[in-house]
Amino acid sequence: MLSRSTLVWVATAVVAATAAFVGAKAFTIYQAPRMVMSTIEDTIAQRAGGWNACWHNRQFGPVPGGAKRANPDSVVTLMAYDLFNGPVRVSGETWPDYWSMSLYQQNSDNYFVTNDRDIERGKFDFIIALPGHKLPDHKFSAANTRRINSPTNKGIMLIRRFVKEEADMPALLENQDLMRCNPLALHDPVG
C-alpha cells in the first residue's frame, strides 16, 4: 500500500504533467502559427516598404542561393496586410496562363482562394476588410468590386502567376506594375 506522501507526490506529478501538456498543446496549436506568421508578415512588409503594400517577385525561375519554391515557374506577389486603420484594396488584371490569389489569416489558415477562372473579364478588384468595417458606397460602384472579410486584423495575400518561359517576363512585369494594393482611403474611386 502506498503511503500518503507518495500519493500526494504522484498526484502532484500528474497535475504538473497535465498542465505541461495543456500548455505545450496551446502553444503548438495557437501560438506557434501566429509567431511564424508574424515573422513572415514582418519580412514581407519590410520588402514591400510597409504594411498594405505589394512586393513583386520580378525574377523568372529558381533564384540562385534562394529558398526553394514549390513551383519555380510561379512568379508571386505578396502583401502583408494590417486592417487596424481600415480596409485594404487590391486591384489589377489576372494573368492569361494561370493566376490565383490566396489570403491567410494570423493563425496561417487559408480563408480565401480564387483564380483566373472565377474572375470575369480578367480584372479583379477586392476590398479586404474586417466584418465590422463600414465601406463608403462609392467604393462599390464597380461591378467587379468584391468585399472579403478577414477573420483577423493581420494576414497575408499571395498571388501566383504561372510563367512558361523567360520571354514572358516583360509582359508579366507590366501586369505587376498595373496592380494596385494599398489602404482603401488611398485607392482611386471606382467609376
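Okay, let's start with one residue, Thr 145, which sits in strand E7, residues 145–149. Keep in mind that what we're looking at is a predicted model. Is Thr 145 buried or exposed? Its relative accessibility is 11%, so Thr 145 counts as buried, since the cut-off for that is under 20%. And its side chain has polar company. The side chain of Thr 145 makes a polar contact with the side chain of Asp 125, at 2.7 Å. There's a polar contact with the side chain of Arg 89 as well, at 3.3 Å.

Now let's zoom out to the sheet that E7 belongs to. It's an open sheet of 4 strands, in the order E7-E6-E3-E9, and the pairing is mixed. Which strands stand at the edges? Those are E7 and E9: each has a single partner strand, so one side of each is left without a neighbour in the sheet. On average, neighbouring strands here are turned by 20° against each other, direction ignored. If you look at E3 and E9, you'll see that they run antiparallel and are joined by 4 bridges. One spot to find on your screen there: Val 88 stands opposite Pro 183 in E9.

While we're at E9, let's talk about the cysteines. How many disulfides does the count come to? It comes to 1. For anyone new to this, a disulfide is a covalent bond between the sulfur atoms of two cysteines. In our model, Cys 54 is joined to Cys 181, with 1.9 Å from S to S. This pair links distant parts of the chain: Cys 54 is in strand E1, residues 54–56, Cys 181 is in strand E9, residues 180–183, and they are 127 residues apart. Cys 54 counts as buried because its relative accessibility is 14%. Cys 181 counts as buried too, at 11%.

Okay, on to the greasy part. The largest nonpolar core has 25 residues, and the ones that touch the most other members are Met 79, Met 101 and Met 157. Which elements give two or more residues to this core? You've got strands E2, E3, E4, E6 and E8, plus helix H2, which covers 169–178. Let's pick Met 101 and look around. Leaving out residues up to four places away in sequence, Met 101 touches Phe 112, Val 113, Thr 114, Phe 126, Ile 148, Met 157, Leu 158 and Ile 159. There's also a second, separate core of 9 residues, and it includes Met 37, Ala 45, Tyr 104 and Ile 156.

One more local stop: Asp 116, in the loop between strand E5 and E6. What does Asp 116 touch, not counting residues up to four places away in sequence? Thr 94, Trp 95, Tyr 98 and Trp 99. Take Tyr 98: it is 18 residues from Asp 116 in sequence, but C-alpha to C-alpha they're 6.5 Å apart in space.

Last, the whole chain. It has 2 helices and 9 strands, and along the sequence you read the pattern α-β-β-β-β-β-β-β-β-α-β. The chain is 191 residues, and 38% of them are buried. As for contacts between residues at least 6 apart in sequence, 68% join residues at least 24 apart. The Cys 54 to Cys 181 disulfide, with its 127 residues of separation, is a nice one to trace by eye.

Conventions: Residues are numbered from 1 along each chain as its sequence is written. This is a predicted model: local features need pLDDT of at least 70, side-chain atom pairs count only at pLDDT 80 or more; totals for chains, interfaces and linings use all residues. Side-chain values use heavy atoms; hydrogens and water are left out. Buried means under 20% relative accessible area, exposed over 50%, partly exposed in between (1.4 Å probe, protein chains only). A polar contact is a pair of N or O atoms within 3.5 Å; within protein, one must be able to donate a hydrogen and the other to accept it, and residues adjacent in sequence count only if both atoms are side-chain atoms. A nonpolar core is a set of buried Ala, Val, Leu, Ile, Met, Phe, Trp, Tyr and Cys residues joined through side-chain atoms within 4.5 Å. Contact means heavy atoms within 4.5 Å. A disulfide is a pair of cysteine sulfur atoms within 2.5 Å. Two strands pair if DSSP finds at least two bridges between them. Axes are lines fitted to C-alpha atoms, for helices over the stretch in contact, and angles run from 0 to 180 degrees between N-to-C directions.
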